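Hi everyone, thanks for making time this morning. Please have a look at the screen while I talk you through the ligand site and the sheet.

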Amino acid sequence: MKDLILKLEKEHVLCDDEFLTLIKDKNKENSDFLAQRADKVRKSIYGRDVYIRGLIEFTNYCKNDCRYCGIRKSNAAVQRYRLSKEDILECCKTGYALGFRTFVLQGGEDGFFTDDRLTDIIGSIKTMHPDCAVTLSVGERDYSAYKAFFDAGADRYLLRHETADTEHYSRLHPPNLSLESRMECLYSLKEIGFQVGCGFMVGSPFQTDENLVEDLKFISRFQPHMVGIGPFIPHKDTPFGNYAQGSFELTLKLLSMIRLMLPNVLLPATTALGTVHPNGREMGILAGANVVMPNLSPADIRKNYMLYNNKISTGEEAAESIALLKEKINNIGYNISIGRGDYKGEKNGRKS
Ligand code: 5AD
């Protein structure tokens with residue numbers, strides 16, 4: 001197995017069978033070795049720096065009915081909310097004082113936030129904080145909307161592909177959503193000049209090891225700047241409420257593999273990873289991740305942005321507890337970097 005790991009480090013890709021062998025392997029010594037190699041590769045590019053992003057969950061209204069997601073349209077148990085432009089700017093102001101230099105606007109696909117409204121909000125954040133990066137995570141929109149967001153100053157865009165297998169995609173999503181349209185969005189975002197992130201859940205219902213191989217091959221082809229992965233966690237009020245949670249160990253292994261495939265990638269230790277294991281965040285970093293995204297949303301609405309059961313939103317998960325996060329990161333030998341934390345590599349987004 002070690003030979004496969006070293007091959008992945010050297011060549012950044014494997015053939016299908018080799019990917020599959022690595023995914024299926026359960027040996028702890030091998031996954032430790034894999035994590036060590038990933039850690040070394042990350043250190044060679046990003047050193048011991050961990051980048052922080054202030055996550056603003058600005059709306060939990062969503063027109064989609066993704067079968068895994070707690071804020072899906074047909075979940076009537078959710079108390080819906082939207083932040084106003086002023087609320088969002090206030091979050092940024094608070095975040096700026098705490099040391100955040102990237103703001104991630106994440107929300108459901110909410111028609112209230114028209115292209116014009118979002119463009120206006122992006123422009124206002126950039127005017128208020130010209131030294132900060134703005135990341136968007138607002139789902140599928142037209143090319144012209146993406147272009148307007150970019151022209152207004154947005155720097156990065158997160159849009160998980162969720163699964164690279166058409167059949168699997170259709171089992172996770174309602175019929176009006178398609179992998180084809182998701183891919184088209186991702187390629188548009190890249191063409192426009194965003195630093196782009198794709199990603200998937202580990203252990204989502206019906207996912208096979210072969211599906212994961214397809215995910216890795218897509219990532220290798222697409223060459224994203226960021227990759228967001230986390231374990232699937234059931235949400236009680238969704239059709240997948242009784243399905244099993246994704247594996248923590250497999251998520252760590254995939255983080256390491258992705259680091260070896262894309263040495264420069266910005267790779268978050270996600271909230272979902274922190275939710276399934278008390279030291280999930282730290283272990284993710286030790287496996288090759290180099291980004292954490294604490295929650296900057298107003299504390300009273302966090303409970304309403306429940307994508308899955310038990311989503312953590314206090315402790316070091318909360319932006320206001322940055323000191324605690326800093327301590328935890330220092331304890332494992334890394335440090336929080338104050339700065340935009342841009343992608344280090346060739347395709348560096350905006351040409352100013
Ligand atoms: N478990 C884990 N991750 C989830 N997401 C949505 N629902 C869940 C869940 N039940 C992830 C999706 C989405 C991102 C914002 O959160 O991958 O793209």
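A backbone N or O atom of Leu307 sits 3.5 Å from a nitrogen atom of the ligand; I call that a polar contact, a pair of N or O atoms within 3.5 Å. Ile233 also brings a backbone N or O atom to a nitrogen atom of the ligand, at 2.7 Å. With Glu162, a polar side-chain atom lies 2.5 Å from a ligand oxygen atom. On its own the ligand exposes 410 Å², and the protein buries 87% of that, with areas from the Shrake-Rupley method and a 1.4 Å probe.

A quick word on the model: it is predicted, local features need pLDDT of at least 70, side-chain atom pairs count only at pLDDT 80 or more, and totals for chains, interfaces and linings use all residues. Residues are numbered from 1 along each chain as its sequence is written, and side-chain values use heavy atoms, leaving out hydrogens and water.

Who else is around the ligand? Among the residues there, with a heavy atom within 4 Å, are Tyr68, Cys69, Arg160 and Met201.

Now the sheet. This open sheet has six strands in the order β2-β3-β4-β5-β6-β7, paired in parallel; strands are DSSP runs of E, at least two residues, numbered from the N terminus, and pairing takes at least two DSSP bridges. At the edges are β2 (54-59) and β7 (226-231), each pairing on one side only. Six bridges join β6, residues 195-202, to β7, and Gly199 has Gly228 in β7 as its bridge partner.

Note on methods
Helix = DSSP H or I, 4+ residues; strand = E, 2+ residues; numbered from the N terminus. Polar contact = N/O pair within 3.5 Å; in protein donor to acceptor, adjacent residues only side chain to side chain.
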